[in-house]
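Reader: I'm a first-year student and I'd love a close look at one small part of this protein. Could you pick a spot, walk me through it slowly, and then show me how the rest of the chain is laid out around it?

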Amino acid sequence: MLNKLLKFASFRSQIYFLRTMATVEAESNLKKLKLAPEYIAHREELWKKYKERHLAELEVNAKQNKPITITLPDGSSKDGVAFVTTPYDVAKMISQGLANAAVIAKVNGILWDLERPLESDVSSFELKKFDDHEGQQVFWHSSAHILGEAMENFYGGCLCYGPPIESGFFYDMHIPDRFVSSNEFAELTGMAKAVISEKQPFERLVLSKAELLELFDYNLFKKRIINERIVEDRTTVYKCGTLIDLCRGPHVRHTGCVKAIKIIKNSSTYWQGDAEAESLQRVYGISFPDNKQLKDWEKFQEEAAKRDHRKLGRDQELFFFHELSPGCGFFQPHGAHIYNTLVDFMKSEYRKRGFKEVITPNMFNANLWKISGHWDHYAENMFSFESEKQKFALKPMNCPGHCLIFAHRPRSWRELPLRMADFGVLHRNELSGALSGLTRVRRFCQDDAHIFCAPEQVQSEIEGCLDFLFYIYDTFGFTCKLFLSTRPKDFLGEISEWDAAEKQLSSALDAHCKKLNTSWTLNPEDGAFYGPKIDITIQDALRRNHQCATIQLDFQLPRRFNLEYNPKEGDSARPVIIHRAILGSMERMMAVLTENYGGKWPFWLSPRQVIVVPVGRPFNDYAQQVHKQLWEAGFQSECDLDDGDTMQKKIRNAQIAQFNFILVVGQKEQSSETVNIRTRTNVVLGELSVEDFISKLQHCKSARLKDTDEVFGKEK
């Protein structure tokens, strides 16, 4: 029949008909994909059985009618009943508006579902909103489950991990012989919105390992997590709609709490980051409790895209990457100028602050990393090779090499604190899929320093580190937040040693914050296994937070390398090591600064500081003369002698290229040996002698001024 119809149709009609039939067939196949996978019904049956048991247990506990007291942050209290009263009930007792705005509760220091009944007296009760970090992370975790439900019904694969991240969330799924396409985002978002509109409640059950394995017997990845990662006999699962997932929670009350959601990108990854394991499809999303926040976020993303360091690095000819050396930046002359200026800045401060620069090898025998402990935990992230039947590796950090320098000869208490600084090249074997511009690379340098000091010197050295990093960050115009991360559960060493160190760190933070009239935040149990640390985050022009600096105490490395010094009294003593970085990775700081300034570099750091523009060919020689004077005075100067452009075009080109100053010279300037100055923002500063102009530039450069307006007599 089809052939008969086509026989009497025009060629164009035939093509249109065939295309229409192909579209119908494609849509039919898509609908087949979106039929509910068989495992959903299997899970649902088991869930019903487990939930009946849970409700029966809850009813038994509730019948005891045990009164409980909930203490609020202001010291007042509310009455409740164990296994009946929920945090949401308590929130409503305070205010319905507060109850509606709350994302999650914190009960006796533990994050708690708003609809989960309280089980005993509550001495500490908090309600977290979306503007709180913990509330935000829970909100995005719940949004990941919404995405997971949509993905299961759209693709029919096996879900793996679906965590919240710094800005949004993602879900990984194993889909054999299938890739996620950005063309599917609109429909996937539509399915997620349908889940939201149904206001599906988040339900929580506690199951045994055997029950979990039965529930997820279709999912190889969940079974791996259950068998390899869960050490308890029982753990939790959560349900919303058709999705039932292995999850510690907690979650929002229901899917309708999410008012705005968007699928933003996708990528391929590997199971647990192992390139030898199964390939997974990762889908990223963002969500908010109202639509305005999503629109604001989209505008923010547009501005961030304009400032993307990869784009600006290319446009301003700062750096680039090449497939023949993945993860390793190529710094062009303008980029190298910024890079070297940052290094020189740190070196000038090192001399003032008592740091001594050292140079250590790029590669070491594997035995060094075995002594330090890195080989057991970090070998897969190191570039290693064999030479003369011995194993070597490129160094991923400087601290073990600095320990060898300290141990090279006997040390006296008079040498302490010994502050070593190193700009050595480091290499880390990052997965190719994790590489991202200058923020995640394989070859990099750090402004790395290690302070070897006596235990009683720790506090003063920490205060010195804090003063140093605040001075550096203030020069860039960054604001900082400080966090003290204390003893984790898997700590090494003596508790008394940790307590003493944490006390010194907190005292140093108190003293520093008192001077600056600021505060610090406690991060309990978030320290490194080898010692407590101070984490520092900076906020850029787009109000994004970055962690670049770190100050860490280390008791373990001195023991592993058996480091000792001769104390003032006694036979021997062991030093403490302070790991300290301010800029962190030089490459990553380059990315942060590029995006913070949006390519409009402050004068002292700028790769294009001055350009000389003659008004016409007769003044080319004078323009070159001025350029030469500026270059010899140490400034990044250029001269535009292109006769093909008008003077106005040259000025405009210079402003687009972000030259800080544009010098226009003609007959008048040549006769008086002056320059006519304007800025990249087209502010005309007027005429100055070349000598006076150079003098002002030298001040701007040496003082590392954020703004040069005052130097040239112009108000903001």
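Author: Let's start with a pair of side chains: those of Q552 and T550 are joined by a polar contact of 3.2 Å. Keep in mind as you look that this is a predicted model. Q552 is found in strand β26, which covers residues 545–554. Is Q552 buried or exposed? Its relative accessibility is 13%, and since buried means under 20%, Q552 counts as buried.

What surrounds Q552 there? Leaving aside residues up to four places away in sequence, Q552 touches Y530, P532 and K533, and also I577, I578 and H579. You can also check a residue further off along the chain: I462 is 90 residues away from Q552 in sequence, and their C-alpha atoms are separated by 9.3 Å.

For a contrast, move to A573, which sits in the loop between α18 (556–560) and β27 (576–585). Beyond the residues up to four places away in sequence, A573 touches L563, E564, Y565 and P567. Try a distance here too: A573 and Q446 are 127 residues apart in sequence, and from C-alpha to C-alpha they are 30 Å apart in space.

Now that you have looked at one strand residue, here is a whole strand. β28 runs over residues 610–614, and five of its five residues are buried. In a regular strand, side chains alternate between the two faces of the sheet. In β28, V610, V612 and P614 lie on one side, while I611 and V613 lie on the other, and all of them are buried, so both faces are covered. What does β28 pair with? Its partner is strand β29 (residues 637–639), and the two pair in the parallel sense over three bridges. Look at I611 and you will find E638 of β29 standing opposite.

Loops deserve some attention as well, and a good one to visit lies between β11 (243–246) and β12 (260–270), where you will find H254. H254 is buried, because its relative accessible area is 16%. A polar atom of the H254 side chain lies 2.9 Å from the backbone nitrogen of G256. If residues up to four places away in sequence are set aside, H254 touches K199, Q200, P201 and F202.

P250 belongs to the loop between β11 and β12 too. The peptide bond leading from G249 to P250 is cis, with omega near -5 degrees. Another cis peptide bond joins L416 and P417, and there omega is about 0 degrees. P417 has its place in the loop between α15 (399–407) and β20 (418–422). Why point these out? Most residues other than glycine have a negative phi, and most peptide bonds are trans.

That brings us to phi. E317 is not a glycine, yet it has a positive phi of about 55 degrees. You can find E317 in the loop between α11 (309–315) and β14 (319–320), and at 43% relative accessibility it counts as partly exposed. K389 likewise is a residue other than glycine with a positive phi, in this case near 65 degrees. K389 lies in the loop between β18 (384–387) and β19 (390–394). Is K389 buried or exposed? With a relative accessible area of 82%, K389 is exposed.

Finally, let's step back to the whole protein. Its secondary structure comes to 23 helices and 32 strands, and its C-alpha trace spans about 100 × 95 × 65 Å along the principal axes. Of the 716 residues, 48% are buried. The accessible surface comes to about 35800 Å², and 50% of that belongs to carbon and sulfur atoms. How are the contacts spread along the chain? Among contacts between residues at least 6 apart in sequence, 67% join residues at least 24 apart. As for charge, there are 93 positive and 96 negative side chains, and the centres of the two sets lie 3 Å apart.

How values were computed: Residues are numbered from 1 along each chain as its sequence is written. This is a predicted model: local features need pLDDT of at least 70, side-chain atom pairs count only at pLDDT 80 or more; totals for chains, interfaces and linings use all residues. Side-chain values use heavy atoms; hydrogens and water are left out. Helices (H or I, at least four residues) and strands (E, at least two) are DSSP runs, numbered from the N terminus. Buried means under 20% relative accessible area, exposed over 50%, partly exposed in between (1.4 Å probe, protein chains only). A polar contact is a pair of N or O atoms within 3.5 Å; within protein, one must be able to donate a hydrogen and the other to accept it, and residues adjacent in sequence count only if both atoms are side-chain atoms. Contact means heavy atoms within 4.5 Å. Accessible areas come from the Shrake-Rupley method with a 1.4 Å probe; for residues, only the protein chains shown count as cover. Lys and Arg count as positive and Asp and Glu as negative; His and the chain ends are not counted. The place of a charge is taken as NZ of Lys, CZ of Arg, CG of Asp or CD of Glu. Two strands pair if DSSP finds at least two bridges between them.
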